[in-house]
Amino acid sequence: MAIDCLVLGAGQEIGKSCVVVTINGKRIMFDCGMHMGCDDHNRYPDFSLLSKSGDFDNAISCIIITHFHMDHVGALPYFTEVCGYNGPVYMSYPTKALSPLMLEDYRRVMVDRRGEEELFTTAHIANCMEKVIALDLKQTIQVDQDLQIRAYYAGHVLGAVMVYAKVGDAAIVYTGDYNMTTDRHLGAAKIDRLQLDLLISESTYATTIRGSKYPREREFLQAVHKCVAGGGKALIPSFALGRAQELCMLLDDYWERMNIKVPIYFSSGLTIQANMYYKMLISWTSQNVKEKHATHNPFDFKNVKDFDRSLIHAPGPCVLFATPGMLCAGFSLEVFKHWAPSPLNLVALPGYSVAGTVGHKLMSGKPTTVDLYNGTKVDVRCKIHQVAFSPHTDAKGIMDLTKFLSPKNVVLVHGEKPSMMSLKDKITSELDVPCFVPANGETVSVSSTTFIKANASDMFLKSCSSPNFRFSNSSTELRVTDQRTADGVLVIEKSKKAKIVHLDEVSEVLHEKNHVVSLACCCPVKVKKESDDVDVDLIIKQLSEKISEKVSGAEIHETGNCLQVGSFKGSLCLKEKCAHRREISSSSSEAVFLCCNWSVSDLELGWEIINVIKQNL
């Protein structure tokens, strides 16, 4: 059986995360996001790839949302209320509580302020949330008779989860966005060691390895302090949920220690609501926050106040947290237009900005002007400071998680193509795991695990209980292997339960007097040429004659530059990690690998053939 992974969003890009995985007949949609840098048909995933008729209830078994960011949940009300999906939707308790706030804030900014087409209404958001089933951490949910899912702590933002899904013997993990290190308000991702056929991982920072967070925090604080000390205004575009709380904790503590009286403002009532939920959901925060909460609430900031729109043009220094974080719309962009022309001011970008946003343009260089969505231009004379406070894991974290879970296959999403390709090569070469980087609209198919329950014959069980040691020498050590199960044969007959029998029982089980299995394998051998006029055909002909003389009963066939030797049981093994491999090499040939899973007589015959090859090349 195969697992099919159809990428509808975040394929070789960051935005509109949406991956549909088919496991043993069950189809799961992981995330249903929108692209924050697009205002055309590319804003949403192409749902028509799921069903041409629009019958999404039969096309999808369930939807699982990993967290409340718009690039993971932004298209959900459109898919459920406009496209008509009525099946189950799963997300964590914090995500269910906070997603409506994020969705309504986005709708209000895009429709009420920018006058764009209303793709979903306030009523759509409410009706969508009624379909949601809340998940708790490590709670196993039986979606139906065959499909089960389980959520694990992902860090990143409040309520973010990784998702384990299993159908029969096939199992996968979809990470969503995650962080493998703790920060001031959230813990690191935690997951059990699982047997996985497929790991689908984000790769936002596929080639970035971060150092200690303390130098980054110090650099950020110094930049903001220098700005306000010089009489400037510091604009910090940030999402209302996550980075705002992280940076407010950092600044509030610094303001207290340095006795700074410059006001710090929140621009959004949404952030005030978010802080209320953070106070209610302490169990989802870091251990440090939980310990502090016993004496006081860490989200009660002493130096942070609400911001009034009239303060945009007020004289004097200040620090302002404004949403959204990528300067793609909303109040942060409005304030940027007024503050960017002054060289006293600062725009501090604490996280990643997707292509197409003003934040991304500022991060890509030091532009003197920036084009806005409505065609207007803004002079940029303010200081631009970027600090990596992103809640995403770095390249080391992705490698550590992949190594820990040891999946049979990896699919990378939610990243930029060049860095994703680099990480793919690293996973393939260092971890020896097949890795795929599909684009939007592409499907990756990997084989799934199938376990077969089988009975065992008495003879086979007896042979298993008696050790059968084999010894082999390597260049550095003596290797001992136990071959006690090598004589087992799996027999599967129609309408009968599978059975493992001893090799000596095969003839009886199959009702045959003689049962011979012939195996063949092509093994390349390099001829050491003394000069350029070596006749390879002549060497092969001479080698064929030598083998015929030395090895009785061997059938030899010459086909071009290939010599095929048959009529003996066994195999030549070319796998580098074969536990039963023996290596034969000489000055005149490349290494030849001979598998030791042969009977003694066959092994002797195989060694004879190899010796003839070595002696005559």
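**Entry 1: helices H6 and H7**

I began with helix H6 and helix H7, which are oblique to each other, since I found that H6 (residues 213–229) and H7 (residues 243–258) pack at an angle of about 60 degrees with their axes 11 Å apart. I note at the outset that this is a predicted model. When I looked up the handedness, I found that the crossing of H6 and H7 is right-handed. On the H6 side I listed Glu217, Phe220, Leu221, Val224, His225 and Val228 as the residues that make the contact, and on the H7 side Leu247, Leu250, Leu251, Tyr254, Trp255 and Met258. Sorting the residues of this contact by character, I obtained 10 nonpolar, 1 polar and 1 charged.

**Entry 2: helices H12 and H13**

I then turned to helix H12 (residues 395–405) and helix H13 (residues 417–431), whose axes come within 11 Å and cross at roughly 40 degrees. That angle makes H12 oblique to H13, because angles under 35 degrees would count as roughly parallel. H12 passes H13 in a right-handed crossing. From H12 I recorded Ile398, Met399, Thr402 and Lys403 in the contact, and from H13 I recorded Leu423, Lys426, Ile427, Glu430 and Leu431. The residues of this contact divide into 5 nonpolar, 1 polar and 3 charged.

I next asked which residues of H12 are buried. My list holds Ala395, Gly397, Ile398, Met399, Leu401, Thr402 and Leu405, and I found that the buried residues of H12 pack against H13 and also against strand S9 (161–167), strand S11 (198–202) and strand S20 (410–413). Just past the helix I noted serine 406, which follows H12 and has a positive phi, near 45 degrees.

**Entry 3: positive phi near the start of the chain**

I looked up two further residues with positive phi, neither of them a glycine. Alanine 10 has a phi near 70 degrees, and I placed this residue in the loop between strand S1 (2–9) and strand S2 (18–23). Asparagine 24 has a phi of about 45 degrees and lies in the loop between S2 and strand S3 (26–30). Are these residues buried or exposed, or do they fall in between? Alanine 10 is buried, with a relative accessible area of 1%, whereas asparagine 24, at 26% relative accessibility, counts as partly exposed.

**Entry 4: glycine 33 and histidine 72**

I looked up glycine 33 in the loop between S3 and helix H1 (56–59), and I found this glycine buried, with a relative accessible area of 0%. Its C-alpha atom is separated by 5.9 Å from that of methionine 70, although the two residues are 37 residues apart along the chain. Leaving aside neighbours within four places in sequence, I recorded contacts of glycine 33 with Lys16, Ser17, Arg43, Pro45, Met70, Asp71, His72, Val73, Gly74 and Ala75.

From that list I followed histidine 72, which I placed in helix H2 (residues 70–73) and which is buried, with a relative accessible area of 1%. The C-alpha atoms of histidine 72 and histidine 35, also 37 residues apart along the chain, are separated by 9.1 Å. Not counting residues up to four places away in sequence, histidine 72 touches Ser17, Asp31, Cys32, Gly33, Ile65, Thr66, His67, Asp177 and His414. I note that Ser17 is listed as a contact of glycine 33 and as a contact of histidine 72.

**Entry 5: aromatic pairs**

My search of the whole structure found 11 aromatic pairs. One of them is formed by tyrosine 153 and tryptophan 284, and I recorded this pair as tilted, with 6.3 Å centre to centre and 35 degrees between the planes. Tyrosine 153 lies in strand S8 (residues 147–153) and tryptophan 284 in the loop between helix H8 (269–280) and helix H9 (287–293), so the pair ties together parts that are 131 residues apart in sequence. Both tyrosine 153 and tryptophan 284 are buried. I also noted one aromatic cluster formed by Phe47, Phe56, Phe79 and Tyr85.

**Entry 6: the chain as a whole**

I closed with the totals, counting 17 helices and 31 strands in the chain. Of its 617 residues, 50% are buried. I also looked at contacts between residues at least 6 apart in sequence, and of these 68% join residues at least 24 apart.

Conventions
Residues numbered from 1 in each chain as written. Predicted model: local features only at pLDDT ≥ 70, side-chain atom pairs only at ≥ 80, totals over all residues. Heavy atoms only, no water. Axes fitted to C-alpha atoms, helices over the stretch in contact; angles between N-to-C directions. Helix = DSSP H or I, 4+ residues; strand = E, 2+ residues; numbered from the N terminus. Parallel < 35°, antiparallel > 145°, perpendicular 65-115°, else oblique. Left-handed = near helix turned anticlockwise from the far one by under 90°. Contact = heavy atoms within 4.5 Å. Nonpolar A, V, L, I, M, F, W, Y, C, P; charged D, E, K, R; others polar. Phe/Tyr/Trp six-rings, centres within 6.5 Å; stacked < 30°, edge-to-face > 60°. Buried < 20%, exposed > 50% of the residue type's maximum accessible area, 1.4 Å probe, protein only.
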